[in-house]
Amino acid sequence: MKSMSTAANRTEPAYLRLGRYRLRIPARRSVRIALSALLLVRGLIPTPTSPILLSAAVTLLSVDLPRLRRWRRRLVVRIRRRRRPRPARSLAAGRAPA
């Protein structure tokens, strides 16, 4: 007999990090998709909060769509690489002055 996956037996709720905020993600897939669709529709209405709602909708939808999840993960990695401080370059590591 197969054992149930660990995702189905999850006792602690999953969270979505948006900057410094943590939002709890619904456990049911249908609720997550419906919520992301509502956020997407609301984000299309031109208001000052539209970009925030659109990014939250795409991020929440990326939990269930593998292609969107890979795109989001690549974007996160690219942003973190840009924010990482670069090591100082020494003259000895570079070319010798001519």
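Which residue forms a salt bridge with D64, the closest N and O atoms being 2.6 Å apart? In the predicted model before us, that residue is R32. I shall begin with this pair, then proceed to the overall fold and to the surface.

The R32 and D64 pair links distant parts of the chain, since R32 sits in helix α1 and D64 in the loop between α2 and α3, with their positions 32 residues apart in sequence. Both partners are buried: R32 has a relative accessible area of 12%, and D64 likewise has 12%. The cut-off for buried is under 20%, so the value for R32 falls within that class.

D64 has a second partner. R29 also forms a salt bridge with D64, and here the closest N and O atoms are 3.8 Å apart. R29 belongs to helix α1, residues 29-43, whereas D64 is in the loop between α2 and α3, so this pair ties together parts that are 35 residues apart in sequence. In contrast to the buried D64, R29 counts as partly exposed, because its relative accessibility is 47%. The count for the model comes to 2 salt bridges. Through shared partners, R29, R32 and D64 are joined into one network.

Let me now place this network in the chain. The secondary structure comprises 3 helices and 2 strands, and from the N terminus the order is β-β-α-α-α. The chain has 98 residues, of which 13% count as buried. About 9100 Å² of the chain is exposed, and carbon and sulfur atoms supply 59% of that area. As for contacts with a separation of 6 or more, 31% of them are accounted for by residues 24 or more positions apart.

One example of contact across the sequence is L35, which is also in helix α1. Leaving out residues up to four places away in sequence, L35 touches P26 and L60. L35 and L60 are 25 residues apart along the chain, and their C-alpha atoms are separated by 8.2 Å. L35 counts as partly exposed, because its relative accessibility is 35%.

I turn next to the surface, starting with its nonpolar part. Which residues form the nonpolar patch on the surface? They are L40, L44, V58, W71, L75 and I79, and together they have about 530 Å² of accessible area. The largest share of this patch, 3 residues, comes from α3.

Two members of the patch may be considered individually. V58 is found in helix α2, which spans residues 50-61. With a relative accessibility of 31%, V58 counts as partly exposed. A patch member must have over 30% relative accessible area, so V58, at 31%, satisfies that condition. Apart from neighbours within four places in sequence, V58 is in contact with L68 and W71; W71 is itself a member of the nonpolar patch. V58 and R72 are 14 residues apart in sequence, and their C-alpha atoms are 8.7 Å apart in space. The other member is I79, whose place is in helix α3. I79 counts as partly exposed, because its relative accessibility is 38%.

The final feature is a charged one. A positive surface patch is formed by R67, R69, R70, R74, R78 and R82. One of these residues, R82, lies in helix α3, which covers residues 66-83. Is R82 buried or exposed? R82 counts as exposed, because its relative accessibility is 74%.

To summarise, R29, R32 and D64 form one salt-bridge network, in which R32 and D64 belong to a pair that links helix α1 with the loop between α2 and α3. On the surface, the model presents a nonpolar patch to which α3 contributes the largest share, together with a positive patch that includes R82.

How values were computed
Residues are numbered from 1 along each chain as its sequence is written. This is a predicted model: local features need pLDDT of at least 70, side-chain atom pairs count only at pLDDT 80 or more; totals for chains, interfaces and linings use all residues. Side-chain values use heavy atoms; hydrogens and water are left out. Patches are made of residues with over 30% relative accessible area and no salt bridge: like charges are joined within 9 Å, nonpolar side chains (Val, Leu, Ile, Met, Phe, Trp, Tyr) within 5 Å. Accessible areas come from the Shrake-Rupley method with a 1.4 Å probe; for residues, only the protein chains shown count as cover. A salt bridge is a side-chain nitrogen of Lys or Arg within 4 Å of a carboxyl oxygen of Asp or Glu. Lys and Arg count as positive and Asp and Glu as negative; His and the chain ends are not counted. The place of a charge is taken as NZ of Lys, CZ of Arg, CG of Asp or CD of Glu. Helices (H or I, at least four residues) and strands (E, at least two) are DSSP runs, numbered from the N terminus. Buried means under 20% relative accessible area, exposed over 50%, partly exposed in between (1.4 Å probe, protein chains only). Contact means heavy atoms within 4.5 Å.
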